[in-house]
Amino acid sequence: MVEVKLEGITKRFGDFEAVKDLTLTIKDGEFLVLLGPSGCGKTTTLRMISGLETPSEGKIYFGDRDVTYLPPKDRNISMVFQSYAVWPHMKVFDNIAFPLRVKKYPEDEITRRVKWAAELLQIESLLDRYPGQLSGGQRQRVAVARAIVVEPDVLLMDEPLSNLDAKLRVAMRAEIKKLQTKLNVTTIYVTHDQVEAMTMGDRIAVMNKGRLLQVGPPTEVYLKPNSLFVATFIGAPEMNILSAAVTEREGLALEGDGFIVPLPEDFRELLLDYIGKDVLLGIRPEHMTVKGVSTLEHVTRTAEIDGIVDFIEALGTDTIVHAKVGGNIIKIKLPGHIPLPVGEKIKIEIDLDNIHIFDRDTEKAII
Ligand code: ATP
């Protein structure tokens, strides 16, 4: 196990900067998820950590060791990819044994280690098969077993679950997380799936357009996003974003198309520079409720706005109410099955301690 430190990493392909001035420390034994949309530079970052790519600028350290220009074979890392990359002409046993044979381990040690890894991944009964005789999920287990068999200092995973069907993906999510906890191996996991990131990561590093925007534990990134991008990228349904002006109506308020949200006085200091200006108000669907239908739990301060039911999405366990508020459509997530009639006038209650306010220009969070 080692700590992985990225210091001011930039990667250029010609004139294009795929990764821009990235500084990030992944702690010893930590499960860090690199999260972001396609093309944001996650894979490039992972490839630099592995040694498959060298940074244009900056340094990479494993513990105190500068590995920036070290080839992959000298880093004691393992990688698992989206495409399982298991060799079809080799039996499962030989696939898992391959990295040990490269390192010239004695055969009895190879057998011991392959059995150990196969047991952890619950594929002992498949060791004699060829990959062609396995399901996608089993093949991915083989790939993971092959990655851990060398007991790497750092385990790198690039969308390892993307090729699996939805149900298997959920199951494997929990398994990989449990396995990582058991092995306590420093792990960097790339995904564009925010649910995967939320459920697996000790911390999530959110990237966009080559830049690291925020890094923190899942709940922190979820509840305290530092920017509009992070706020809307994480969470489903997405956070509602409404244009509003900060006014001093009856103290302090946010006024937008069809709504006025009175704000507590303790918001004033943070909003001083914004009085009379437009901002963006963000409210997650679960931080609102429909009055008289459902209640917000553990909430002390609320505001109320009027809406009209526009559409109902019944998800079984939850209901998403689409409400018209002025010219906006707001999504409200309610627990259970709530068959509100379309066109019904409703009072929407907002949890004021969970609203977000963003600067319109910089898109950074003010609150
Ligand atoms: P995805 O989830 O789609 O793999 P990503 O976040 O992992 O996306 P990267 O693969 O790191 O993104 O790519 C970041 C950007 O760098 C993309 O615009 C990509 O086209 C570009 N890029 C990556 N590798 C190269 C290369 N070898 N030459 C030129 N451009 C590249």
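Select Q194 to begin: with a relative accessibility of 13%, this residue counts as buried, because the cut-off for buried is under 20% relative accessible area. The model you have open is a predicted one. Q194 sits in helix α6, which covers residues 194-200.

Now show what surrounds Q194. Leaving out residues up to four places away in sequence, Q194 touches L35, F233, I234, G235 and A236. Pick G235 from that set and draw a distance: its backbone nitrogen is 2.8 Å from a polar atom of the Q194 side chain.

**Zoom out**

Hide the side chains for a moment and colour by secondary structure. You should find nine helices and 20 strands in the protein. Along the principal axes, the C-alpha atoms fill a box of roughly 80 × 45 × 35 Å. The protein has 367 residues, and 51% of them count as buried.

If you like contact maps, here is one figure to keep in mind: among contacts with a separation of 6 or more, 65% are between residues 24 or more positions apart.

Switch to a surface view next. The accessible surface comes to about 17000 Å², and carbon and sulfur atoms account for 51% of that. Colour by charge and you get 45 positive and 53 negative side chains, with the centres of the two sets 6 Å apart.

**Into the ligand site**

Select the ligand and its shell. The residues around the ligand are F13, F16, A18, P37, S38, G39, C40, G41, K42, T43, T44 and E159.

Three polar pairs are worth a distance label here. A polar side-chain atom of T43 lies 2.6 Å from an oxygen atom of the ligand. For G39, look at the backbone instead: one of its polar atoms is 2.7 Å from a ligand oxygen. K42 goes back to the side chain, where a polar atom is 3.0 Å from an oxygen of the ligand. How much of the ligand's accessible area does the protein cover? On its own the ligand has 620 Å² of accessible area, and the protein covers 58% of that.

Colour the elements that line this site. Strand β2 (16-26) and helix α1 (42-50) are the ones giving two or more residues to the shell. Of the contributors, α1 gives the most, with three residues.

**Over to E286**

Jump to E286, in the loop between β14 (278-283) and β15 (288-290). Is E286 buried, exposed or partly exposed? Its relative accessible area is 26%, so E286 counts as partly exposed.

Show the neighbours of E286: Y222, L296 and K333 are in contact with this residue, not counting residues up to four places away in sequence. Then add I350 to the selection. E286 and I350 are 64 residues apart along the chain, yet their C-alpha atoms are separated by 9.4 Å.

**Last stop: T247**

Finish at T247 in strand β11, residues 240-247. Which residues does T247 touch, once those up to four places away in sequence are left out? They are L252, A253 and E255. Turn on side chains for T247 and E255, and you will see a polar contact of 2.9 Å joining the two.

Terms used: Residues are numbered from 1 along each chain as its sequence is written. This is a predicted model: local features need pLDDT of at least 70, side-chain atom pairs count only at pLDDT 80 or more; totals for chains, interfaces and linings use all residues. Side-chain values use heavy atoms; hydrogens and water are left out. Helices (H or I, at least four residues) and strands (E, at least two) are DSSP runs, numbered from the N terminus. Buried means under 20% relative accessible area, exposed over 50%, partly exposed in between (1.4 Å probe, protein chains only). Contact means heavy atoms within 4.5 Å. Accessible areas come from the Shrake-Rupley method with a 1.4 Å probe; for residues, only the protein chains shown count as cover. Lys and Arg count as positive and Asp and Glu as negative; His and the chain ends are not counted. The place of a charge is taken as NZ of Lys, CZ of Arg, CG of Asp or CD of Glu. A residue is near a molecule or strand if one of its heavy atoms lies within 4 Å of it. A polar contact is a pair of N or O atoms within 3.5 Å; within protein, one must be able to donate a hydrogen and the other to accept it, and residues adjacent in sequence count only if both atoms are side-chain atoms.
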